[in-house]
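Here is a quick tour of a protein model, written for someone meeting it for the first time. Take a look at the picture and then read on.

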Amino acid sequence: MRDSAEFGGDNSSSDFDKFWQDCMSGWDKRMAAEKRNFEENMKSQAKRECEYTNARNRRDYEAHAAREKARREARGNPHANYRSQSDDAPPMFNKTRKARKPNDEAKRGVWEVEWEAFARAAKEVAGRIKYSDVPWLPAECNVSGVSENDTAAQRKRKFRDAMLRWHPDKFVSNFGSALSEAEVGPIMTRVTEVAAALFEEIEAWNYS
């Protein structure tokens with residue numbers, strides 16, 4: 001232990017107090033700096049993980065889109081990807097067609113109300129929306145909401161609205177900041193699947 005002579009004789013108590021305060025002040029500054037560095041590192045890591053997840057989902061979506069494009073081009077060949085129904089029938093009339101998924105209007109109406117409430121709530125929160133909070137489409141509904149009674153113009157409008165809602169890039173643009181970082185991956189995987197189903201739906205209505 002330092003004796004009183006080190007702190008100036010009679011003023012040893014005040015000198016020691018000043019020395020102790022200087023030590024504690026330096027300690028507090030170091031701890032504050034370490035805390036700031038830790039928080040910045042955590043934010044940077046979370047941002048990198050979010051960017052990686054988004055990039056992975058975008059790659060998956062682009063790969064799926066490329067496969068769909070190649071498949072559509074193959075279907076354009078009258079001698080490719082068809083199922084023969086008769087030896088006398090020309091191949092070009094026997095290509096396998098995708099079934100048009102029906103749309104339950106009543107359940108879709110309820111879902112549309114839930115979606116509007118979700119879209120409004122997403123503007124008020126940041127980083128808190130979980131997978132279970134997203135109003136996913138009921139199994140009885142198709143993605144776009146088109147039906148047999150729609151005109152060509154109505155179908156086109158519904159396809160466009162669904163694309164603006166479910167395209168992964170549009171979804172991130174509209175709701176990215178509201179999503180929980182821990183659940184961005186599962187949410188965007190599901191969104192990509194819905195977008196893929198929408199592409200198949202558009203093809204079924206336009207080419208069948």
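## Aromatic rings

Let's start with the ring-shaped side chains. This is a predicted model, and it contains ten aromatic pairs. Take F118 and F175: their ring centres sit 5.0 Å apart with the planes at 45 degrees, so this pair counts as tilted. The two partners come from distant parts of the chain, since F118 belongs to helix α2 and F175 to helix α4, with their positions 57 residues apart in the numbering. Both F118 and F175 are buried.

Which residues form one aromatic cluster? The members are W111, W115, F118, Y131, W136, W166, F171 and F175. So you'll find both rings of our tilted pair in there.

## The overall build

Now let's zoom out. The protein chain has five helices and zero strands, which gives the pattern α-α-α-α-α when you read along the sequence. It has 208 residues, and 29% of them count as buried.

How far apart in sequence are the residues that touch? Looking at contacts with a separation of 6 or more, 70% are between residues 24 or more positions apart.

## The nonpolar core

In soluble globular proteins, nonpolar side chains tend to be buried together. In this model, the largest nonpolar core has 28 residues, and W115, I129, W166, F171 and F175 are the ones touching the most other members. Helices α2, α3, α4 (168-175) and α5 (184-207) each give two or more residues to this core. The top contributor is α5, with eight residues.

W166 is a good one to click on. Setting aside its neighbours within four places in sequence, W166 is in contact with W111, W115, P135, W136, L137, V143, F171, V191, V194 and A195. W166 also belongs to the aromatic cluster, and F171 is in that cluster too.

## Charged partners

Next come the charged side chains, which form six salt bridges here. In one of them, E140 pairs with K107, and their closest N and O atoms are 3.1 Å apart. This pair also links distant parts of the chain: E140 is in the loop between α2 and α3, K107 is in helix α2, and they are 33 residues apart. Are these two buried or partly exposed? E140 has 37% relative accessibility, so it counts as partly exposed. K107 comes out at 38% and is partly exposed as well.

Another salt bridge joins the side chains of R108 and E112, at 3.6 Å from N to O. Both residues sit in helix α2, four residues apart, or about one turn of the helix. R108 counts as buried because its relative accessibility is 8%, while E112 is partly exposed at 24%. E112 has a second partner: R165 forms a salt bridge with E112, with 3.4 Å between the closest N and O atoms. That one reaches from R165 in helix α3 to E112 in helix α2, 53 residues apart. R165 has 19% relative accessibility, and the cut-off for buried is under 20%, so R165 counts as buried. Through shared partners, R108, E112 and R165 are joined into one salt-bridge network.

## A serine in a loop

Where is S144 found? Look in the loop between α2 (105-122) and α3 (152-166). Even though it's in a loop, S144 has a relative accessible area of just 6%, so it is buried.

What does S144 touch? Not counting residues up to four places away in sequence, S144 touches R108, K158, F159, A162, L198 and E201. You've met R108 already, as a member of the salt-bridge network. With E201, S144 makes a polar contact from side chain to side chain, at 2.4 Å. A polar atom of the S144 side chain also lies 3.3 Å from the backbone nitrogen of V146.

## How sure is the predictor?

Finally, a word on confidence. The protein chain has a mean pLDDT of 76, and 72% of its residues reach 70 or more. Residues 78-97 are another story, with pLDDT below 50. Beyond near neighbours in sequence, this stretch has 22 contacts in the model.

Technical notes: Residues numbered from 1 in each chain as written. Predicted model: local features only at pLDDT ≥ 70, side-chain atom pairs only at ≥ 80, totals over all residues. Heavy atoms only, no water. Buried < 20%, exposed > 50% of the residue type's maximum accessible area, 1.4 Å probe, protein only. Polar contact = N/O pair within 3.5 Å; in protein donor to acceptor, adjacent residues only side chain to side chain. Contact = heavy atoms within 4.5 Å. Core = buried A, V, L, I, M, F, W, Y, C linked by side-chain atoms within 4.5 Å. Phe/Tyr/Trp six-rings, centres within 6.5 Å; stacked < 30°, edge-to-face > 60°. Salt bridge = Lys/Arg side-chain N within 4 Å of Asp/Glu carboxyl O. pLDDT = per-residue confidence, 0-100.
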